Amino acid sequence: MDECPFNSVLQQEDGPALYTYTVVNSYPHDPDAFTQGLLYYSNDTFYESAGLYGESTLRHVDLVTGNVLKRVGNEPRDFAEGLALSQDRLVQLTWRSPKGILYDRESFEVIESFRTQLKDGWGLTNEHEDSHELIATDSGSKLFYLDAETFETKRTVQVTDNGVPVPWLNELEWIDGEIWANIWQTECIARINPETGEVNGWILMHGLRQSSRIVGTSEVLDPQFYLLGKFELPK
């Protein structure tokens, strides 16, 4: 499923705005890191949650050089997924599990493991580091708003495009008052109203994987990792 599954909806005149992209810059990155969650921090560094059973890690990475400044491995039974910074702590979800892990940002020491009410941990973000809520996905079409302290689900928001639910919401980023979500196994990123769940626009990323020599059906697009510039397409 390489194409966006909502093309018929996207073509409507009153549908969401369509955007394409332009690559502003590119940086080296460990090709063996199965990136699942990523967040830019400061001083040209980012934190990364890399998945796969037996290979999952939490990393602090230099953006410009690609050098891993710090890393810690997950337990072999954990497949690391979404990552967010909350009150100077790193919060990591795990795939096909309600388990989450809370880390000290500087030392990477595990503060605690916790359980969410998610059936499956996928994407994770928040409005800012001091937000009282985290926003997660579980492979479906809903955003789950979690209490940042207890990790209990406070509310859910259905994501729709002209009334049609949008499934396979994957990695999330909060960008300029919107939630950006890549749709698993497509080259589409949805720009979502965080309160209503309505898709404000679609960013069509077709061609980026090929031009970046990214191969393999397991590779998907992370909104922050790849998208460096964008502009709107006329309808």
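1. Helices and strands are named here as DSSP runs, counted from the N terminus, where a helix (H or I) needs at least four residues and a strand (E) at least two. The structure is a predicted model, in which local features need pLDDT of at least 70 and side-chain atom pairs count only at pLDDT 80 or more, while totals for chains, interfaces and linings use all residues. Residues are numbered from 1 along each chain as its sequence is written, and side-chain values use heavy atoms, with hydrogens and water left out.

2. On these terms the protein has three helices and 20 strands. Buried residues, meaning those under 20% relative accessible area, as opposed to exposed ones over 50% and partly exposed ones in between (1.4 Å probe, protein chains only), make up 52% of the 235 residues. If a contact is taken as heavy atoms within 4.5 Å, then 49% of the contacts with a separation of 6 or more are between residues 24 or more positions apart.

3. Phe-151 deserves a look of its own, as a residue of the loop between β12 (142-147) and β13 (153-158). Its phi is near 65 degrees, a positive value in a residue other than glycine. Phe-151 is buried, with a relative accessible area of 2%, and, leaving aside residues up to four places away in sequence, it touches Val-91, Leu-102, Glu-112, Phe-114, Thr-116, Leu-134 and Leu-146. The C-alpha atoms of Phe-151 and Gln-117 are separated by 8.2 Å, although the two residues are 34 residues apart along the chain.

4. A nonpolar core is counted as a set of buried Ala, Val, Leu, Ile, Met, Phe, Trp, Tyr and Cys residues joined through side-chain atoms within 4.5 Å. The largest such core has 18 residues, and Leu-143, Leu-169, Ile-192 and Trp-202 have the most contacts inside it. Two or more residues of this core come from each of β12, β16 (169-175), β17 (178-183), β18 (188-192) and β19 (199-204). A second, separate core of 13 residues includes Leu-102, Leu-124, Ala-136 and Phe-151. Leu-143 touches Ala-136, and its other contacts beyond four places in sequence include Leu-169, Leu-172, Ile-179 and Ile-192.

5. Two strands are said to pair if DSSP finds at least two bridges between them. One open sheet has four strands in the order β6-β7-β8-β9, with antiparallel pairing, and its edge strands are β6 and β9 (110-115), each of which pairs on one side only. The twist averages 20 degrees from one strand to the next, where axes are lines fitted to C-alpha atoms (for helices over the stretch in contact) and angles run from 0 to 180 degrees between N-to-C directions. Within this sheet, five bridges join β8 (residues 99-104) to β9 in the antiparallel sense, and Leu-102 has Glu-112 in β9 as its bridge partner; both Leu-102 and Glu-112 are among the residues that Phe-151 touches.

6. A further open sheet, also of four strands, follows the order β2-β3-β4-β5 with antiparallel pairing. Here β2 (35-40) and β5 (68-73) stand at the edges with a single partner strand each, so one side of each has no neighbour in the sheet. Five antiparallel bridges link β2 to β3 (residues 45-50), and Tyr-40 stands opposite Phe-46 in β3.

7. β16 is mostly covered, since five of its seven residues are buried. Five bridges join β16 to β17, and the two strands run antiparallel; in β17, Trp-180 is the bridge partner of Glu-173. The two strands form a hairpin with two residues between them, and Asp-176 in the turn has a positive phi of about 50 degrees, although Asp-176 is not a glycine. Asp-176 is exposed, with a relative accessible area of 77%, whereas Phe-151, which also has a positive phi, is buried.

8. Pockets are found on a 1 Å grid over the protein atoms alone: a cavity is a set of points where a 1.4 Å probe fits but cannot get out, and a pocket is an open set with protein on both sides within 12 Å along at least five of seven lines, its lining residues having an atom within 4 Å of a point. Grid points are joined across faces, edges and corners, and a volume is the space filled by probe spheres set on the points. The second largest pocket has a volume of about 290 Å³. Of its 17 lining residues, the closest to the centre are Leu-39, Tyr-40, Leu-85, Asn-126 and Glu-173, and β2, β6 (80-86), β10 (124-125) and β16 each supply at least two residues of the lining.
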